[in-house]
Amino acid sequence: MKSSNTTIPLEKLIEQLPENYSVADRELVQRAFHVAEEAHREQKRHSGEPYINHCIAVAGILSELKVPPEVIAAGLLHDTVEDTTVTLADIRRDFGDTVKILVDGVTKLTHLPRVSRGDQHAENNNNGHETEEVPIQPALLGRKEDIVSETLRKTFLAMGEDVRVVLIKLADRLHNMRTLGHMPEHKRKRIAQETLDIFAPLANRLGIWQIKWELEDLGFRYVNPEKYKEIAELLTEKRPDREAQLEVIKENLQKLLEKNNIKAEISGRPKHIYSIYKKMQKKGKAFDMVMDVRAVRLIVPDVPACYSALGVIHTTWRPIPGEFDDYIAAPKDNFYQSLHTAVFYEDKRPLEIQIRTNEMHLNAEYGIAAHWRYKEGTKHADKNYEQRINSLRSMMEWRSDVNDAAEFVESMRSDVFQDRVYIFTPRGDIIDLPAGSTPIDFAYHVHTDIGHCCRGARVNGKLVPLYQELKTGDQVEVLTAKRGAPSRDWLNPNLGLVRTQRARSKIKVWFKKQEDEQNLAQGRETLERELQRLGLNDINFEKLARDLNYKSPDEMFIELGNGDLSISKIIKQFSQEQQAEEIFEISPSHTPATSTNAIEVVGLKGMLSTMARCCNPMPGDQVVGFITRGRGATIHRQDCPNILQTKDRERLLQVGWGQVERTYPVPIKIKAYDRQGLVSDISNLLSDESINIADVKVNVNRSIADLRLIIEVKDLTQLSRILARIENLPNVMEAHRTNPG
Ligand code: MN
């Protein structure tokens, strides 16, 4: 049963859709609405509203960006797969591949344990759809921050893959921020801070001013409520006066431009609370000083008109030095274009002016999403979009190799969201770097090897220390050593020698490679020595590595060298692979031995056991172990009256008969400085391992003892262990297997 109030939001949504949508487009959105509405029917937001209102709001924000209908449909459905019984297969069946891919993309971004979620989601409610527990991926277990980092890492990677997914995520975040007041208080600040740190810069990077400013103001409102309130109140108070002043300024400007035959649309530029705050911080000025600055925006028909307007303005009022920026000739790295200037207006107070074309304006407001505002097939717009997508991809390129989520996010925060400086190479090429970069950062940016070999730098012809911060316009020449290596100091954040995550990652890779090479050599040596000791030749390392799940023998050696892999694990793998018969080719002089304790009781590993006198169990009988005080375990038949009657049930132990074990005679040689008790130590050790000695020859020459034994072992693992234990006895120099005969 549809409740009557659900039709109203649907109508509202349909009204908001871009006008150029066809009947089929509208129908797709309507269907998505009905599926989402049905799926979320029993869920409520923290505000108590029906959950579907959130989906509609997200779709509404996306409508303003004029994205294609599939993106709006995916916006409506964005929480269904995660929080309801709707599956991806359902979505593909009903809405096609594109919508499915988009919903899947958004779900993957949020498919993480509930604790980490910045989003506002319905808590489990008693009626209807219980939201299922989200399985935690083992790799993501750990600190909450790690999980958050992982979500962000995925968001950024998605940005390079399919920017539409990120648009949905941003719309989702924006609505969650608009309704943040309904969230429990302790969560508000964290979510707001994350919005300021990550999502607003993300919107900025995509050039979507419309979403960026609102995320910033909402974020600031919860991170610093007092300051927010203060600025907001001052703004309201001054508004009538400001607006009156602006009206006059606009009129004057309009007349001035008309006189010079320049058509322009002039608007007052709204100031946002967070940007006012940042300006106050940056310039250390009070509110009045910042707000004293009036700001207008001119939209003119074409690029030449931008410059003509600028010329007229500069000849009428005196420009303020250092305030002119030509972002038309040199766009910002989020593709923003405009002319910026500031002049002393008639009242001798500053007036900020932005001049741009209509197309630049759409780009500035909607960034990457401006693409969809142009009529289809507009070549220029498509090219612009492709450029943006390519720049996002190349920005993500080297980062996709960074597996550590925290490091990845840090790299975005420091390298991508920060302001940039533009540096010249000696040849005059321009390289852009995050603000705060040093000559070493620059060197790594030019080429990894130049980074490694960087020993000094000249900035604008003068030698400078390597920690010097570079400024826009600096010309940097890197001084290199012929054969150089990075220094550990470079990674010390206190020294400030390296600021970009990109350089940092490259230095870390270099050190890791050095370590790997050392570990590789050591691991190889360890393994070769052990194999020699066991008398094994012609080992296929390729196969051995594969069997142990390594991509290459080198990888296996490295892990062995750094201790992540033990030699005994390799030997164990090896003895599983190869038949004992092959390893211990039985020489004709020895008949296969039958083990002395041919029958062992399974389940009592390493524990002394005796057969019970009362019931005399025989191999094949059903048996049970009984833990005695001080004598290990006694083996009884399961039907033994003593067992059936015992009250100490907890002392019973499940056991079974083992297999008759086969052993193999192996000749070994031991070299030692002779001492008293050496032979008996060795034989004790062997009997401790239940190894039978088939033959012993002892030869002492100038106090060097040469022992030759034939021992009967079960397998390689046992042989390896026993040789290692013998070598650890006092005075023993070496113990290894010899050739039979
Ligand atoms: Mn959501």
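## A covered helix

In helix α4, the buried residues are Pro69, Val71, Ile72, Ala73, Ala74, Gly75 and Leu76. That makes seven of the eight residues in α4, so this helix is mostly covered. The model is a predicted one.

In soluble globular proteins, nonpolar side chains tend to be buried together. The cores described further on can be read with that in mind.

## The whole protein

The protein is built with 27 helices and 21 strands. It has 741 residues, and 47% of them count as buried. Its accessible surface is about 38,700 Å². Carbon and sulfur atoms hold 49% of that surface.

How do contacts relate to distance along the chain? Take the contacts between residues at least 6 apart in sequence: 66% of them join residues at least 24 apart.

## The manganese site

Which residues coordinate the manganese ion? They are His54 and His78, each through NE2, and Asp79 and Asp172, each through OD. The distances run from 2.2 to 2.4 Å. Along the chain, the donors are spaced as H-x23-H-D-x92-D.

The two histidines link distant parts of the chain, 24 residues apart. Histidine 54 sits in helix α3, residues 52-64. Histidine 78 sits in a loop, between α4 (69-76) and α5 (80-83). Both histidine 54 and histidine 78 are buried.

## Two nonpolar cores

The largest nonpolar core has 76 residues. Leu62, Leu76, Phe156, Met159, Leu206, Leu215 and Ile368 touch the most other members. Helix α8, residues 163-178, gives this core its largest share, with nine residues. Domain 1 (4-223) and domain 2 (226-372) each supply at least three residues to the core.

There is also a second, separate core. This one has 41 residues, including Leu527, Val666, Ile711 and Leu729. Leu76 ties two parts of this report together: it is a buried residue of α4, and it is listed among the residues of the largest core that touch the most other members.

## Two residues of helix α18

Helix α18 spans residues 439-446 and contains tyrosine 444. Valine 446 is found in α18 too. Is tyrosine 444 buried or exposed? Its relative accessibility is 1%, and buried means under 20%, so tyrosine 444 counts as buried. Valine 446 has a relative accessible area of 37%. That value lies between the 20% and 50% cut-offs, so valine 446 is partly exposed.

Leave out residues up to four places away in sequence, and tyrosine 444 touches Gly451, His452, Pro486, Trp490, Ala503, Lys506 and Ile507. With histidine 452, the side chain of tyrosine 444 makes a polar contact of 2.8 Å. Lysine 506 is 62 residues away from tyrosine 444 in sequence, yet their C-alpha atoms are 7.8 Å apart in space. Valine 446 can be paired with threonine 425, 21 residues apart along the chain. Their C-alpha atoms are separated by 8.8 Å.

## A buried glutamine

Where is glutamine 718? It lies in helix α27, which covers residues 716-727. Why does glutamine 718 count as buried? Its relative accessible area is 5%, and the cut-off for buried is under 20%, so glutamine 718 falls in that class.

Glutamine 718 touches Glu689, Ile691 and Val713, again leaving out residues up to four places away in sequence.

Definitions and conventions: Residues are numbered from 1 along each chain as its sequence is written. This is a predicted model: local features need pLDDT of at least 70, side-chain atom pairs count only at pLDDT 80 or more; totals for chains, interfaces and linings use all residues. Side-chain values use heavy atoms; hydrogens and water are left out. Helices (H or I, at least four residues) and strands (E, at least two) are DSSP runs, numbered from the N terminus. Buried means under 20% relative accessible area, exposed over 50%, partly exposed in between (1.4 Å probe, protein chains only). Contact means heavy atoms within 4.5 Å. A polar contact is a pair of N or O atoms within 3.5 Å; within protein, one must be able to donate a hydrogen and the other to accept it, and residues adjacent in sequence count only if both atoms are side-chain atoms. Donors are N, O and S atoms within 2.8 Å of the metal (3.2 Å for Na, K and Ca); water is not among the atoms, so sites may look incomplete. Accessible areas come from the Shrake-Rupley method with a 1.4 Å probe; for residues, only the protein chains shown count as cover. A nonpolar core is a set of buried Ala, Val, Leu, Ile, Met, Phe, Trp, Tyr and Cys residues joined through side-chain atoms within 4.5 Å. Domain bounds come from an automatic or database domain assignment.
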